[in-house]
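Q: I'm new to this one. Can you walk me through it?
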Amino acid sequence: MQDLAEQDGRRPVRAPAQRAGLAPEAIAKVFVITGPSGVGKGTLIRALLERVPELELSTSATTRRARTGETQGEDYWFLSEDEFDRRVAEGDFVEWAEYSGRRYGTLRSELERRTSTGIPVVLEIEVQGARQVRASMPDAVQIFITPPSHEALRVRLVGRGTDAGEEVERRLKVADEEMDAQHEFGHVVVNDRLEDAVDQLEGIVRSNLNN
Ligand code: ADP
Ligand code: 5GP
C-alpha cells in the first residue's frame, strides 16, 4: 500500500468535462451514506459494492487509532493531529468533522481522482460531514441508515466488539442527535433485515446512476 503523499502525486490528468469547468459531481455521482455508528453502514456498503461493482468507496482520513486488523490506506488514512491540521490548512478536505473526540474527513484527492474519471463514489461519513457535502455538492445523493430501534443499535455496537463500554455509551449519545437529523436526508433506509436493506440501497443507487 502506497502512502498518502504518493497517492496525491498520482492525480490523473483532468477529464475533458472538468477541463471545461464542470464540477466533478457533474461527471460521476457521489453517494453519501450516513447514520449512527453501529447501524450497519460498513456492512451494507460491502454488500452494495459487490452488487454494483462500478462504485468505489472513498477512503477517509482520521486521527483515531487503527483498530486491530485495520490497514493504513484501506480502512482509513490514519493521520497524526499535526498532519490532519496541515491538511485542513491546505484545503485538502471536501468535508471534515469531529466525532467522539477524534477528527474524520474526506480527502479531495480520494473523491476527485474518481469523479473526474467517471467513477461513482460512496462516502461513508457522519451527519455533520454529510451536511457539509449537501452544501457544497447539492447533486450528491444522501442516504440515512436507521436501526430498527435504539436497543438494536446498542446490541450491534456492543456485539461488534470494537469499542470499550465508555466509547459505546458516547457513540449511543451521539446517535440520538444523529437520529433527529434523519428528516434532512433524501432517502432513509431501515437496516432491520440485512438483505432488505441492501435491496433498498441498491435500488436507490441504480435509479440515480441511470439518470
Ligand atoms: P457501522 O459501519 O454503521 O458502524 P457496522 O457495519 O460495523 O456498522 O455494523 C455494526 C454491527 O452490526 C456489526 O457487527 C454487523 O455485523 C452488525 N449488523 C449490520 N447490519 C445488521 C443487521 N441488519 N442485523 C443485525 N446485525 C447487523
Ligand atoms: P469509526 O470510528 O467507527 O470508524 O467512525 C466513526 C464515525 O465517523 C462513523 O459515523 C463514520 O461514518 C464517520 N466517518 C468516517 N469517515 C468519515 C469522514 O471522512 N468524514 C466524516 N465526517 N465522518 C466520517
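A: Yes; keep in mind that this is a predicted model. A place to begin is ligand 2: of the 15 residues around ligand 2, Ser60, Tyr104, Ile125, Glu126 and Gly129 come nearest.

Q: Which elements each supply at least two residues of that shell around ligand 2?
A: Those are β5 (93-99), β6 (102-107) and α6 (127-136).

Q: And how do the residues of the shell around ligand 2 divide into nonpolar, polar and charged?
A: There are 4 nonpolar, 6 polar and 5 charged residues in the shell around ligand 2.

Q: OK, what about ligand 1, which residues are around it?
A: Around ligand 1 are Ser37, Gly38, Val39, Gly40, Lys41, Gly42, Thr43, Arg156, Gly159, Arg160, Asn191 and Leu194. Two or more residues of this shell come from α3 (41-51), and the same goes for α7 (150-160). By class, the shell around ligand 1 has 2 nonpolar, 7 polar and 3 charged residues.

Q: You mentioned α7. At what angle do the axes of α7 and α8 cross?
A: Roughly 145°, and the axes of α7 and α8 (residues 165-180) come within 10 Å. The contact is made by Leu153, Arg154, Leu157 and Val158 on the α7 side, and by Val168, Arg171, Leu172 and Ala175 on the α8 side. Of the residues in this contact, 6 are nonpolar, 2 are charged and none is polar.

Q: Is the crossing of α7 and α8 left-handed or right-handed?
A: α7 passes α8 in a right-handed crossing.

Q: Switching topic: how many residues of α5 are buried?
A: In helix α5 (residues 108-115), 6 of the 8 residues are buried, so the helix is mostly covered. The buried residues are Ser109, Glu110, Leu111, Arg113, Arg114 and Thr115.

Conventions. Residues are numbered from 1 along each chain as its sequence is written. Chains are lettered from A and ligands numbered from 1 in the order in which they are written. This is a predicted model: local features need pLDDT of at least 70, side-chain atom pairs count only at pLDDT 80 or more; totals for chains, interfaces and linings use all residues. A residue is near a molecule or strand if its C-beta atom, placed from the backbone, lies within 6 Å of it. Helices (H or I, at least four residues) and strands (E, at least two) are DSSP runs, numbered from the N terminus. Ala, Val, Leu, Ile, Met, Phe, Trp, Tyr, Cys and Pro count as nonpolar, Asp, Glu, Lys and Arg as charged, and the others, Gly among them, as polar. A residue is buried if 20 or more other C-beta atoms lie within 10 Å of its own, exposed if 12 or fewer, and partly exposed in between; C-beta atoms are placed from the backbone. Axes are lines fitted to C-alpha atoms, for helices over the stretch in contact, and angles run from 0 to 180 degrees between N-to-C directions. A crossing is left-handed if the near helix is turned anticlockwise from the far one by less than a right angle, and right-handed if clockwise. Two residues are in contact if their C-beta atoms, placed from the backbone, lie within 7 Å.
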